[in-house]
Amino acid sequence: MTTAKDTPLKMRSWLFAPGDSERKMDKATAGPADIVIFDLEDAVAPEEKPTARRIVSTFLARQPEDRSRLWVRVNPLDGPHTLTDLAAIMPGRPGGIMLPKARGRADVERLDHYLSALEVANGMELGATKVIALVTETAEGMFTTGDYASAPRLVAMTWGAEDLADALGASENRNPDGGYAFTYQLARSLCLLGAAAARVAPIETIQGDFRDLETLRKRADQVRRDGYRGMLAIHPAQVEVINAAFSPTAEEIAAAQEIVDLFAANPGVGAIGYKGGMLDRPYLARAQALLALAERS
(Lines give C-alpha, C1' and ligand atoms only; values in the text may rest on other atoms or scores of the structure.)
Protein backbone atom coordinates (compact mmCIF):
# COMPACT_ATOMS: atom_id res chain seq x y z
CA MET A 1 0.00 0.00 0.00
CA THR A 2 1.28 3.47 -0.87
CA THR A 3 1.52 5.66 2.21
CA ALA A 4 1.95 9.37 2.87
CA LYS A 5 5.70 9.01 3.23
CA ASP A 6 6.20 7.30 -0.13
CA THR A 7 5.57 10.32 -2.34
CA PRO A 8 8.38 12.90 -2.64
CA LEU A 9 7.18 16.36 -1.71
CA LYS A 10 8.74 19.77 -2.09
CA MET A 11 8.83 21.31 1.38
CA ARG A 12 10.91 24.48 1.12
CA SER A 13 8.15 27.05 1.63
CA TRP A 14 4.92 26.61 3.63
CA LEU A 15 2.66 29.62 3.13
CA PHE A 16 -0.26 30.28 5.48
CA ALA A 17 -3.52 31.73 4.14
CA PRO A 18 -6.48 32.50 6.43
CA GLY A 19 -9.30 30.05 5.92
CA ASP A 20 -11.94 32.75 6.05
CA SER A 21 -10.56 34.65 3.03
CA GLU A 22 -11.12 33.08 -0.38
CA ARG A 23 -9.19 35.93 -1.97
CA LYS A 24 -6.05 35.27 0.09
CA MET A 25 -6.32 31.51 -0.39
CA ASP A 26 -6.59 32.01 -4.14
CA LYS A 27 -3.56 34.31 -4.19
CA ALA A 28 -1.50 31.88 -2.11
CA THR A 29 -2.48 28.92 -4.29
CA ALA A 30 -1.56 30.77 -7.48
CA GLY A 31 1.92 31.61 -6.17
CA PRO A 32 5.18 29.62 -6.02
CA ALA A 33 4.88 28.24 -2.47
CA ASP A 34 5.68 24.54 -2.32
CA ILE A 35 2.87 24.05 0.20
CA VAL A 36 -0.08 26.31 0.99
CA ILE A 37 -1.71 25.95 4.41
CA PHE A 38 -5.32 27.11 4.76
CA ASP A 39 -5.55 28.14 8.41
CA LEU A 40 -8.57 27.30 10.55
CA GLU A 41 -6.76 27.99 13.83
CA ASP A 42 -5.02 31.23 14.79
CA ALA A 43 -6.07 33.21 11.70
CA VAL A 44 -9.79 32.65 12.34
CA ALA A 45 -11.82 34.04 15.24
CA PRO A 46 -13.88 31.42 17.15
CA GLU A 47 -17.20 32.80 15.92
CA GLU A 48 -15.98 32.67 12.29
CA LYS A 49 -14.74 29.06 12.31
CA PRO A 50 -17.96 27.54 10.86
CA THR A 51 -17.80 30.01 7.98
CA ALA A 52 -14.09 29.32 7.43
CA ARG A 53 -14.71 25.58 7.28
CA ARG A 54 -17.30 26.06 4.55
CA ILE A 55 -15.01 28.37 2.60
CA VAL A 56 -12.04 25.98 2.79
CA SER A 57 -14.16 22.94 1.92
CA THR A 58 -15.66 24.69 -1.13
CA PHE A 59 -12.27 26.03 -2.20
CA LEU A 60 -10.64 22.58 -2.05
CA ALA A 61 -13.46 21.01 -4.04
CA ARG A 62 -12.88 23.48 -6.88
CA GLN A 63 -9.17 22.71 -7.20
CA PRO A 64 -7.54 20.33 -9.71
CA GLU A 65 -7.32 16.64 -8.89
CA ASP A 66 -3.78 16.91 -7.49
CA ARG A 67 -4.14 18.78 -4.21
CA SER A 68 -0.93 17.47 -2.67
CA ARG A 69 0.38 21.01 -2.00
CA LEU A 70 -2.86 22.25 -0.43
CA TRP A 71 -2.90 21.60 3.31
CA VAL A 72 -5.09 22.71 6.20
CA ARG A 73 -4.13 23.73 9.74
CA VAL A 74 -6.88 22.43 11.97
CA ASN A 75 -7.48 23.43 15.56
CA PRO A 76 -5.61 21.63 18.40
CA LEU A 77 -6.79 18.29 19.68
CA ASP A 78 -7.33 19.52 23.23
CA GLY A 79 -10.09 21.87 22.06
CA PRO A 80 -13.61 21.35 20.71
CA HIS A 81 -13.02 22.03 17.01
CA THR A 82 -10.70 19.40 15.52
CA LEU A 83 -13.18 16.73 14.52
CA THR A 84 -15.58 19.31 13.11
CA ASP A 85 -12.70 20.81 11.11
CA LEU A 86 -11.73 17.43 9.69
CA ALA A 87 -15.27 16.35 8.87
CA ALA A 88 -15.76 19.57 6.92
CA ILE A 89 -12.51 19.56 4.92
CA MET A 90 -11.70 15.91 4.22
CA PRO A 91 -14.29 15.59 1.41
CA GLY A 92 -12.08 18.17 -0.37
CA ARG A 93 -9.10 15.79 -0.15
CA PRO A 94 -6.38 18.12 1.13
CA GLY A 95 -2.81 17.02 0.67
CA GLY A 96 -2.05 17.22 4.36
CA ILE A 97 -2.94 18.44 7.82
CA MET A 98 -0.94 20.70 10.11
CA LEU A 99 -1.52 19.69 13.73
CA PRO A 100 -0.93 22.62 16.10
CA LYS A 101 0.04 22.34 19.76
CA ALA A 102 1.03 18.69 19.43
CA ARG A 103 1.84 17.34 22.87
CA GLY A 104 3.57 14.18 21.68
CA ARG A 105 3.33 11.10 19.51
CA ALA A 106 -0.07 10.15 20.97
CA ASP A 107 -1.62 13.24 19.39
CA VAL A 108 -0.35 12.23 15.93
CA GLU A 109 -1.66 8.70 16.47
CA ARG A 110 -5.06 10.06 17.48
CA LEU A 111 -5.13 12.27 14.39
CA ASP A 112 -4.21 9.24 12.27
CA HIS A 113 -7.28 7.39 13.57
CA TYR A 114 -9.53 10.30 12.67
CA LEU A 115 -7.98 10.66 9.21
CA SER A 116 -8.21 6.93 8.47
CA ALA A 117 -11.93 6.89 9.19
CA LEU A 118 -12.55 10.01 7.12
CA GLU A 119 -10.44 8.77 4.20
CA VAL A 120 -12.49 5.58 4.04
CA ALA A 121 -15.73 7.55 4.34
CA ASN A 122 -14.70 9.81 1.44
CA GLY A 123 -13.35 7.13 -0.88
CA MET A 124 -9.74 8.18 -0.45
CA GLU A 125 -6.65 6.00 -0.40
CA LEU A 126 -5.90 5.01 3.17
CA GLY A 127 -2.88 6.95 4.42
CA ALA A 128 -2.97 9.51 1.62
CA THR A 129 -3.20 12.54 3.91
CA LYS A 130 0.19 13.64 5.27
CA VAL A 131 0.82 15.39 8.59
CA ILE A 132 3.16 18.10 9.87
CA ALA A 133 3.18 18.59 13.65
CA LEU A 134 3.86 21.83 15.52
CA VAL A 135 5.79 20.32 18.41
CA THR A 136 6.92 23.13 20.75
CA GLU A 137 3.83 25.28 21.27
CA THR A 138 3.13 23.85 24.73
CA ALA A 139 5.36 23.25 27.71
CA GLU A 140 4.43 19.56 27.61
CA GLY A 141 5.35 19.33 23.94
CA MET A 142 8.88 20.54 24.64
CA PHE A 143 9.55 17.33 26.56
CA THR A 144 8.28 14.98 23.83
CA THR A 145 10.03 16.24 20.70
CA GLY A 146 12.12 13.06 20.54
CA ASP A 147 9.13 10.70 20.63
CA TYR A 148 7.87 10.96 17.03
CA ALA A 149 9.86 8.20 15.32
CA SER A 150 7.58 6.13 13.05
CA ALA A 151 4.58 8.28 13.93
CA PRO A 152 1.90 7.55 11.32
CA ARG A 153 1.62 9.95 8.37
CA LEU A 154 4.21 12.33 9.80
CA VAL A 155 6.47 13.87 7.12
CA ALA A 156 7.64 17.04 8.87
CA MET A 157 7.94 18.77 12.23
CA THR A 158 8.02 22.47 12.96
CA TRP A 159 8.15 24.68 16.00
CA GLY A 160 6.51 27.83 17.30
CA ALA A 161 7.62 30.61 19.62
CA GLU A 162 4.50 32.72 20.11
CA ASP A 163 2.18 30.09 21.57
CA LEU A 164 5.04 28.76 23.68
CA ALA A 165 5.52 32.21 25.19
CA ASP A 166 1.82 32.28 26.01
CA ALA A 167 2.02 28.83 27.58
CA LEU A 168 4.92 29.95 29.77
CA GLY A 169 3.34 33.26 30.77
CA ALA A 170 6.29 35.11 29.21
CA SER A 171 5.90 38.76 28.30
CA GLU A 172 8.57 38.49 25.56
CA ASN A 173 10.35 35.72 23.68
CA ARG A 174 13.25 37.75 22.29
CA ASN A 175 16.42 39.26 23.70
CA PRO A 176 17.15 43.00 23.43
CA ASP A 177 19.21 42.33 20.28
CA GLY A 178 16.15 40.83 18.56
CA GLY A 179 17.30 37.21 18.69
CA TYR A 180 15.24 34.51 20.35
CA ALA A 181 15.78 34.05 24.09
CA PHE A 182 17.32 30.80 25.29
CA THR A 183 14.10 28.85 25.80
CA TYR A 184 12.99 29.51 22.22
CA GLN A 185 16.40 28.71 20.78
CA LEU A 186 16.08 25.46 22.71
CA ALA A 187 12.69 24.86 21.09
CA ARG A 188 14.26 25.29 17.65
CA SER A 189 17.04 22.84 18.51
CA LEU A 190 14.68 20.27 20.01
CA CYS A 191 12.52 20.39 16.89
CA LEU A 192 15.57 19.86 14.69
CA LEU A 193 16.81 16.96 16.81
CA GLY A 194 13.34 15.43 17.05
CA ALA A 195 12.85 15.58 13.30
CA ALA A 196 16.23 13.97 12.72
CA ALA A 197 15.35 11.18 15.16
CA ALA A 198 12.00 10.67 13.42
CA ARG A 199 13.60 10.90 9.95
CA VAL A 200 11.20 13.62 8.82
CA ALA A 201 11.81 17.13 7.52
CA PRO A 202 12.48 19.90 10.09
CA ILE A 203 10.73 23.14 9.10
CA GLU A 204 11.70 26.53 10.54
CA THR A 205 9.03 28.74 12.11
CA ILE A 206 7.74 32.03 10.70
CA GLN A 207 9.34 35.45 10.53
CA GLY A 208 6.67 37.92 11.63
CA ASP A 209 8.10 40.97 9.86
CA PHE A 210 7.29 40.06 6.26
CA ARG A 211 8.78 43.30 4.91
CA ASP A 212 12.32 42.58 6.12
CA LEU A 213 13.36 40.20 3.37
CA GLU A 214 17.10 40.59 3.96
CA THR A 215 16.80 39.37 7.54
CA LEU A 216 14.62 36.55 6.29
CA ARG A 217 17.26 35.54 3.75
CA LYS A 218 20.05 35.51 6.34
CA ARG A 219 17.96 33.54 8.81
CA ALA A 220 16.81 31.00 6.21
CA ASP A 221 20.41 30.52 5.03
CA GLN A 222 21.53 29.92 8.60
CA VAL A 223 18.86 27.42 9.56
CA ARG A 224 19.44 25.47 6.33
CA ARG A 225 23.10 25.19 7.31
CA ASP A 226 21.91 23.94 10.70
CA GLY A 227 19.84 21.20 9.04
CA TYR A 228 16.40 22.69 8.47
CA ARG A 229 14.78 21.82 5.15
CA GLY A 230 12.14 24.53 4.80
CA MET A 231 10.40 27.44 6.49
CA LEU A 232 6.91 28.68 7.27
CA ALA A 233 5.76 31.93 5.65
CA ILE A 234 2.98 34.35 6.54
CA HIS A 235 3.08 36.50 3.39
CA PRO A 236 3.52 35.73 -0.33
CA ALA A 237 6.47 38.15 -0.49
CA GLN A 238 8.49 35.76 1.68
CA VAL A 239 8.09 32.71 -0.54
CA GLU A 240 10.66 33.40 -3.24
CA VAL A 241 13.31 34.24 -0.63
CA ILE A 242 12.61 31.01 1.24
CA ASN A 243 12.58 28.90 -1.92
CA ALA A 244 15.95 30.30 -2.95
CA ALA A 245 17.49 29.82 0.50
CA PHE A 246 16.46 26.16 0.68
CA SER A 247 17.50 25.32 -2.88
CA PRO A 248 21.15 24.24 -3.16
CA THR A 249 23.24 26.49 -5.40
CA ALA A 250 24.98 25.26 -8.54
CA GLU A 251 28.31 25.47 -6.71
CA GLU A 252 27.01 23.35 -3.81
CA ILE A 253 25.62 20.77 -6.20
CA ALA A 254 28.86 20.55 -8.14
CA ALA A 255 30.92 20.12 -4.96
CA ALA A 256 28.57 17.44 -3.63
CA GLN A 257 28.65 15.56 -6.92
CA GLU A 258 32.44 15.66 -6.91
CA ILE A 259 32.49 14.04 -3.45
CA VAL A 260 29.97 11.37 -4.47
CA ASP A 261 31.93 10.60 -7.63
CA LEU A 262 35.19 10.41 -5.67
CA PHE A 263 33.80 7.78 -3.30
CA ALA A 264 32.19 5.92 -6.19
CA ALA A 265 35.57 5.71 -7.91
CA ASN A 266 37.11 4.29 -4.73
CA PRO A 267 34.59 1.72 -3.42
CA GLY A 268 35.11 0.26 0.00
CA VAL A 269 37.22 3.09 1.43
CA GLY A 270 36.24 4.72 4.69
CA ALA A 271 38.23 7.92 4.19
CA ILE A 272 39.79 9.51 1.16
CA GLY A 273 42.09 12.43 0.40
CA TYR A 274 40.43 15.51 -1.02
CA LYS A 275 41.92 18.94 -1.73
CA GLY A 276 44.65 18.63 0.87
CA GLY A 277 42.39 17.14 3.56
CA MET A 278 40.54 13.93 4.35
CA LEU A 279 36.90 13.07 3.81
CA ASP A 280 35.17 10.24 5.66
CA ARG A 281 31.72 8.68 5.28
CA PRO A 282 29.73 11.49 6.99
CA TYR A 283 30.91 13.85 4.23
CA LEU A 284 29.58 11.39 1.64
CA ALA A 285 26.25 11.15 3.44
CA ARG A 286 25.89 14.95 3.52
CA ALA A 287 26.78 15.20 -0.16
CA GLN A 288 24.20 12.57 -1.06
CA ALA A 289 21.58 14.34 1.06
CA LEU A 290 22.29 17.64 -0.69
CA LEU A 291 21.91 16.06 -4.12
CA ALA A 292 18.62 14.49 -3.05
CA LEU A 293 17.44 17.89 -1.82
CA ALA A 294 18.44 19.47 -5.14
CA GLU A 295 16.32 16.94 -7.02
CA ARG A 296 13.24 17.99 -5.00
CA SER A 297 13.91 21.74 -5.32
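## Strands 1 and 2, side by side

Let's start with one pair of residues: A17 has F38 in strand 2 as its bridge partner. That contact belongs to a bigger pairing, in which strand 1 (residues 13–18) and strand 2 run parallel and are joined by 5 bridges. To get from strand 1 to strand 2, the chain passes through helix 1 (residues 22–30), making a right-handed β-α-β crossover. Keep in mind that this is a predicted model.

## A strand under cover

So how many residues of strand 2 are buried? Strand 2 covers residues 35–39, and 5 of its 5 residues are buried. Here, buried means under 20% relative accessible area.

Now look at where the side chains go. I35, I37 and D39 point one way from strand 2, while V36 and F38 point the other way. Both sets are buried.

## On to strand 3

Strand 2 has another partner too: strand 3 (residues 70–73) pairs with strand 2 in the parallel sense, over 4 bridges. One spot to find in the structure is D39, whose bridge partner in strand 3 is R73. The route from strand 2 to strand 3 goes through helix 2 (residues 49–61), and this β-α-β crossover is right-handed.

## A pocket among helices

Next, a look at some empty space. The second largest pocket has a volume of about 530 Å³. It is lined by 20 residues, and the closest to its centre are R224, R225, E252, R286 and L290.

Which elements give two or more residues to this lining? They are helix 8 (213–226), helix 9 (239–245), helix 10 (250–264) and helix 11 (281–296). Helix 11 gives the most to the lining of the second largest pocket, with 6 residues. What kinds of residues are these lining ones? Sorted by type, the lining of the second largest pocket has 11 nonpolar, 3 polar and 6 charged residues.

## Zooming out

Time to step back and take in the whole chain. It has 11 helices and 10 strands. Its radius of gyration is 20 Å, close to the 19 Å that the globule rule gives for 297 residues, so the chain is as compact as a globular protein of that length.

If you follow the C-alpha trace along its principal axes, it spans about 65 × 50 × 35 Å. As for what is tucked away, 49% of the 297 residues of the chain count as buried.

Conventions: Residues numbered from 1 in each chain as written. Predicted model: local features only at pLDDT ≥ 70, side-chain atom pairs only at ≥ 80, totals over all residues. Heavy atoms only, no water. Buried < 20%, exposed > 50% of the residue type's maximum accessible area, 1.4 Å probe, protein only. Pairing = 2+ DSSP bridges. Right-handed = clockwise from strand over helix to strand, strands pointing away. 1 Å grid on protein atoms, 1.4 Å probe; cavity = no way out; pocket = protein on both sides within 12 Å on 5 of 7 lines; lining within 4 Å. Points joined across faces, edges and corners; volume = space filled by probe spheres on them. Nonpolar A, V, L, I, M, F, W, Y, C, P; charged D, E, K, R; others polar. Rg over C-alpha atoms; globule rule 2.2 N^0.38 Å.
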